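Open the model in your viewer and set the backbone to cartoon. Keep the selection tool handy, and we can walk through a few stops together.

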Amino acid sequence: MKDNSYIAERIKAMSATLPEGVTLIAVSKYHPVEAIRTAYDAGHREFGESKAQDLVIKHQELPKDIRWHFIGHLQSNKIKYIAPFIHLIHSIDTFKLLQEVDKQGAKTGRRIPCLLQIHIAQEESKFGFTPQECMEMLEEGQWRLLQNVEIRGLMCMASNTEDKEQIASEFSTVQRLFKVIKERFFTGNESFSILSAGMSDDYPIAIEHGSTHIRIGSGIFIE
Ligand SMILES: *Cc1c(COP(=O)(O)O)cnc(C)c1O
């Protein structure tokens, strides 16, 4: 059997360096159930997946107190499979998708926690609202009628670049947007409090810019 003990060591070492209030999400996409179980047995409970089909299988096979984060591009027809158990959907990128999640939340009797994904990276390929689109959607106000979703904050991915200044400027843009949105639409609402930013290569910069949830895949699971 493969020795997975490095996984638990990585999580422990990384957790020890994180400021209080920062949640480490172990992104287990592409990695087998046994790798996740090693982390679970070491006490870790927050895991992220990017494909609904994989997530459903892993949820079935693993302990039910795992908090599953959905971080990939979500197709409307897949929401129903994860709606009954998903802890947080990080990747709401259209109002229509938010409405669809609301519909499935109603069916399963839950108010599903969601983040709005903001597109700040230079790559076209990445999903999300531009800051302006996000403001317009919130200004429009229809989201206030949705009873079975709860907007808990924002998520973003920085450009895939070596240029640290560029990355810092992108995270800083989202940090400012987070503050503006909180003040304008969620004053006095404690639950709008999550900024999901930072991956293996850029999480220290994200934390400097207010990240509360970092999503670490290769830094934990690749030996
Ligand atoms: C894969 C993925 C991650 C983790 O990336 P690493 O560079 O492996 O840490 C984080 N966020 C999203 C949205 C991802 O798809």
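## Stop one: a loop residue

Start by selecting Asn148, which you will find in the loop between α6 (131-140) and β6. Keep in mind as you go that this is a predicted model. Is Asn148 buried or exposed? Its relative accessibility is 18%, and buried means under 20%, so Asn148 counts as buried. Now show the side chain of Asn148 and add Arg110: a polar atom of that side chain lies 3.1 Å from the backbone oxygen of Arg110.

## Stop two: the end of a helix

Next, select residues 95-108, which make up helix α5, and pick out Thr108 within this helix. With a relative accessible area of 30%, Thr108 is partly exposed. Then add Phe85 and draw a distance between the two C-alpha atoms: Thr108 and Phe85 are 23 residues apart along the chain, and these atoms are separated by 9.3 Å.

## Stop three: an unusual backbone angle

Move on to the loop between β1 (23-27) and α2 (33-41), where Tyr30 lies. What is the phi of Tyr30? Tyr30 has a positive phi of about 70°, although it is not a glycine. Colour Tyr30 by accessibility if your viewer allows: its relative accessibility is 65%, so Tyr30 counts as exposed.

## Stop four: the ligand

Now centre the view on the ligand, which sits in the largest pocket. Which residues surround the ligand? Select Lys29, Ile71, Met155, Met157, Met199, Ser200, Arg215, Ile216, Gly217 and Ser218 to bring up its surroundings. Colour this shell by class and you will see 5 nonpolar, 3 polar and 2 charged residues. Two strands are worth highlighting here: β6 (149-157) and β8 (213-216) each supply at least two residues of the shell.

Three polar pairs are good to label:

- Lys29: a polar atom of its side chain lies 2.7 Å from an oxygen atom of the ligand.
- Arg215: an N or O atom in its side chain is 2.8 Å from a nitrogen atom of the ligand.
- Gly217: a polar backbone atom is 2.8 Å from an oxygen atom of the ligand.

To finish, switch on a surface. How much area does the ligand expose when taken alone? The value is 380 Å², and the protein buries 84% of that.

Notes
Residues numbered from 1 in each chain as written. Predicted model: local features only at pLDDT ≥ 70, side-chain atom pairs only at ≥ 80, totals over all residues. Heavy atoms only, no water. Near = heavy atom within 4 Å. Polar contact = N/O pair within 3.5 Å; in protein donor to acceptor, adjacent residues only side chain to side chain. Areas by Shrake-Rupley, 256 points an atom, 1.4 Å probe, with all protein chains shown as cover. 1 Å grid on protein atoms, 1.4 Å probe; cavity = no way out; pocket = protein on both sides within 12 Å on 5 of 7 lines; lining within 4 Å. Sits in = over half its atoms within 2 Å of the grid points. Helix = DSSP H or I, 4+ residues; strand = E, 2+ residues; numbered from the N terminus. Nonpolar A, V, L, I, M, F, W, Y, C, P; charged D, E, K, R; others polar. Buried < 20%, exposed > 50% of the residue type's maximum accessible area, 1.4 Å probe, protein only.
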